[in-house]
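The following exercises concern a single protein chain. Each task is followed by a solution that proceeds step by step.

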Amino acid sequence: MRNELKIFFKYAGYTLLLLVFTTCKNEATPTTQAIEIVEEISFEQAKLELPLYTNFLTHFKERGYTFWDFHTYIQADKSALPEKLMVIRHDVHHRDIPSAYRAKVLEENIIGKNTATYYVMLDFYPESLENGFENKRLDYLKLMHFLKDQAVDVQPHTSPWDDYLAEYPETWWRNLPKDSLMLLKNKFYSIHKDEKYYSIETILHDTLNMAHVLEVLPKQIARFNALWQSELGLKVESVAAHGSSTPINHVINNVDILNVKKVRQAGLFILETSSPEVFQKLKFIHDNNRPLWMENPQDVVDGQYEFLMHPQVWENPQEYRDLYWPKTK
């Protein structure tokens, strides 16, 4: 049983609407289902609310870095990249939306325009099953149109495995745990990558019906691209695979199947952000485990990077460390 509580309040000069659902004992912990930013965020407010990201951008600017979005990276001569390069990728889940607005303001004022791509998780199937999804979707669209109007690169954050299982719910292995799926993968498939693509080769029998998955996937991507075009008025150029909790994604992951040659050569997008060809040129740094360089960017050695930032993570990384990292005396 869930109860809805609406709260309006002022914070740092702008108004927030929180729709909070509380749960009974033994249910999930309370979560914020929708957050609407009503008023404009100033540069001073953004610095106050995301001080770690402010410091991060300022630090690397002072070190002489060039900052690009993925659109700029795609167009660039890969044989003549800047020696100090940061290609910024934001994966934006619903929780990230308020801080995504702040991150955009910080980037524009510190490192300039066209310096980050925002990969927005519009119509993620498991999220579409949640109560209040319609409001969440409006939050995504509001952010997307805001970024588009500001000439910011906006692209999809997608989970093809979840889309496949949504369309084919009777898939026989969909409820198998990770360990069981891993045994099937190791016995019946061989996965390789070259400088550009992944290949998934069947051994003896296509137990997981990967042939069907790879036949369906381009059609699903084409439908999503058409939706993206109609909702946003922009063509899909690059995509960022989502690290879904769906068990199959931990066995043959979204990055693998999005970068299979057959899928890539369908011409539905130019680049997937974790593709072999990207990592041939760029090192990867990310905030998934709240690394200490978030507070100490001087620890990052100079180089050419893809930098993955989840905006909400930068609000309080220590909270995560306190919860998950081993305590030392």
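Two strands are said to pair if DSSP finds at least two bridges between them. Helices (H or I, at least four residues) and strands (E, at least two) are DSSP runs, numbered from the N terminus. The structure is a predicted model, in which local features need pLDDT of at least 70 and side-chain atom pairs count only at pLDDT 80 or more, while totals for chains, interfaces and linings use all residues. Residues are numbered from 1 along each chain as its sequence is written, and side-chain values use heavy atoms, with hydrogens and water left out.

**Exercise 1. Determine in which sense β8 and β9 pair, and what joins them.**

Step 1. Strand β8 covers residues 189-193 and strand β9 covers residues 198-202. Five bridges pair them in the antiparallel sense.

Step 2. Within this pairing, K193 has Y198 of β9 as its bridge partner.

Step 3. The connection from β8 to β9 is a hairpin of four residues.

**Exercise 2. Characterise the chain as a whole: how many helices and strands are there, and what percentage of the residues count as buried?**

Step 1. The protein chain holds 13 helices and 13 strands.

Step 2. Buried means under 20% relative accessible area, exposed over 50%, and partly exposed in between (1.4 Å probe, protein chains only). By this criterion, 51% of the 329 residues are buried.

Step 3. The accessible surface of the chain is about 16100 Å², and carbon and sulfur atoms contribute 53% of that area. Such areas come from the Shrake-Rupley method with a 1.4 Å probe; for residues, only the protein chains shown count as cover.

Step 4. Contact means heavy atoms within 4.5 Å. Among contacts with a separation of 6 or more, 66% link residues 24 or more positions apart.

**Exercise 3. Describe how α6 packs against α4 and against α9.**

Step 1. Two packed helices are described by the angle between their axes and the distance between the axes. Axes are lines fitted to C-alpha atoms, for helices over the stretch in contact, and angles run from 0 to 180 degrees between N-to-C directions. Angles under 35 degrees count as roughly parallel, over 145 as roughly antiparallel, 65 to 115 as roughly perpendicular and the rest as oblique.

Step 2. Helix α4 (residues 97-110) packs on helix α6 (residues 133-149) at about 10 degrees, with the axes 10 Å apart. The two helices are therefore roughly parallel.

Step 3. From α4, the residues I97, A100, Y101 and K104 meet D139, Y140, K142, L143, F146 and L147 of α6. This contact comprises seven nonpolar, no polar and three charged residues. In this classification Ala, Val, Leu, Ile, Met, Phe, Trp, Tyr, Cys and Pro are nonpolar, Asp, Glu, Lys and Arg are charged, and the others, Gly among them, are polar.

Step 4. Helix α9 (residues 210-232) crosses α6 at roughly 70 degrees, and their axes come within 10 Å. Helices α6 and α9 are therefore roughly perpendicular.

Step 5. Here R137, L141, M144, H145 and K148 of α6 meet L227, W228, E231 and L232 of α9. Five nonpolar, one polar and three charged residues make up the contact of α6 with α9.

**Exercise 4. Establish which strands β10 is joined to, and which way its side chains point.**

Step 1. In strand β10 (residues 238-241), S238 and A240 point one way, whereas V239 and A241 point the other way. All of these residues are buried.

Step 2. β7 and β10 run parallel and share two bridges; T158 lies opposite A241 in β10.

Step 3. β10 also runs parallel to strand β11 (residues 271-272), again with two bridges. In this case S238 lies opposite L271 of β11.

**Exercise 5. Compare Q45 with E44: is each buried or exposed?**

Step 1. Q45 belongs to helix α1 (residues 43-49), and E44 lies in α1 as well.

Step 2. Q45 is buried because its relative accessible area is 16%. E44, at 52%, is exposed.

Step 3. Q45 lies 60 residues from V105 in sequence, yet their C-alpha atoms are 9.4 Å apart. For E44 and V105, 61 residues apart along the chain, the C-alpha separation is 9.4 Å.

**Exercise 6. Locate D123 and A151 and state the phi of each.**

Step 1. Most residues other than glycine have a negative phi.

Step 2. D123 has a positive phi, near 60 degrees. D123 sits in the loop between β6 (117-120) and α5 (125-128), and is partly exposed at 22% relative accessibility.

Step 3. A151 also has a positive phi near 60 degrees. A151 sits in the loop between α6 and β7 (153-158), and is exposed because its relative accessible area is 53%.
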